Amino acid sequence: MASLLLFIVFVVVLIAIVIGVARSDRYSKMTEAEFEAEAERSSLLGAAMLATQKLIQPSRAQAMIEQKKRVEKDATTAAGEPPEEKGPGTR
């Protein structure tokens, strides 16, 4: 009896995971204009939070800005020649 209950719980959890993964996100149904408006709203909210943080804890806000700049710098590609692309007949 306990193994049957355990099996049923396992199947329910598995189905919930599949449904959660398969469900489309809210951005897939947005138009480009709606997406841009949402990005702008969240950007403005982030700027307002950073301004508040600067008023309350200026040193911590400066550290957050420097960390963000480091992450953005690390994410950029290095200057130079692009990597060679191999053609369909070469290995």
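Helices here are DSSP runs of at least four residues, numbered from the N terminus. With that in hand, the tour can begin.

**The whole chain**

Start with everything shown. This is a predicted model, and the chain averages a pLDDT of 80, with 81% of the residues scoring at least 70. Where pLDDT is low, the predicted coordinates should not be read in detail. Colour by secondary structure next: the chain has three helices and zero strands, and from the N terminus on the elements run α-α-α. Of the elements, H1 has the highest mean pLDDT, 88, and helix H3 (residues 58-75) the lowest, 83.

Now switch on the surface. The chain exposes about 8900 Å², and carbon and sulfur atoms supply 63% of that area. Buried residues make up 2% of the 91 residues.

**Stop 1: the nonpolar patch**

Select Met1, Leu4, Phe7, Ile8, Phe10, Val12, Leu14 and Val18; together these residues make a nonpolar surface patch of about 870 Å². Then pick out Leu4 alone, which sits in helix H1 (residues 2-22). Is Leu4 buried, partly exposed or exposed? Its relative accessibility is 47%, so Leu4 counts as partly exposed, the class that lies between under 20% for buried and over 50% for exposed.

**Stop 2: the salt bridge**

Move to helix H2 and select Glu38 and Arg41. These two form a salt bridge, with their closest N and O atoms 2.8 Å apart. A search of the whole structure finds one salt bridge.

Why are the two residues about one helical turn apart? Glu38 and Arg41 are three residues apart in helix H2, and therefore about one helical turn separates them. The partners also differ in accessibility class: Glu38 has a relative accessible area of 19% and is therefore buried, whereas Arg41, at 51%, counts as exposed.

**Stop 3: the largest pocket**

Last, select Gly46, Met49, Leu50, Gln53, Met64, Ile65, Lys68, Lys69 and Glu72, the residues that line the largest pocket. The elements giving two or more residues to this lining are helix H2 (32-56) and H3. Which of the elements supplies the largest share of the lining? That is H3, with five residues. The space in the largest pocket comes to about 200 Å³.

To finish, keep the pocket lining selected and colour by pLDDT: H3, which gives the largest share of that lining, is also the element with the lowest mean pLDDT.

Terms used: Residues numbered from 1 in each chain as written. Predicted model: local features only at pLDDT ≥ 70, side-chain atom pairs only at ≥ 80, totals over all residues. Heavy atoms only, no water. Patch = residues over 30% accessible without salt bridge, like charges linked within 9 Å, V, L, I, M, F, W, Y side chains within 5 Å. Areas by Shrake-Rupley, 256 points an atom, 1.4 Å probe, with all protein chains shown as cover. Salt bridge = Lys/Arg side-chain N within 4 Å of Asp/Glu carboxyl O. Buried < 20%, exposed > 50% of the residue type's maximum accessible area, 1.4 Å probe, protein only. pLDDT = per-residue confidence, 0-100. 1 Å grid on protein atoms, 1.4 Å probe; cavity = no way out; pocket = protein on both sides within 12 Å on 5 of 7 lines; lining within 4 Å. Points joined across faces, edges and corners; volume = space filled by probe spheres on them.
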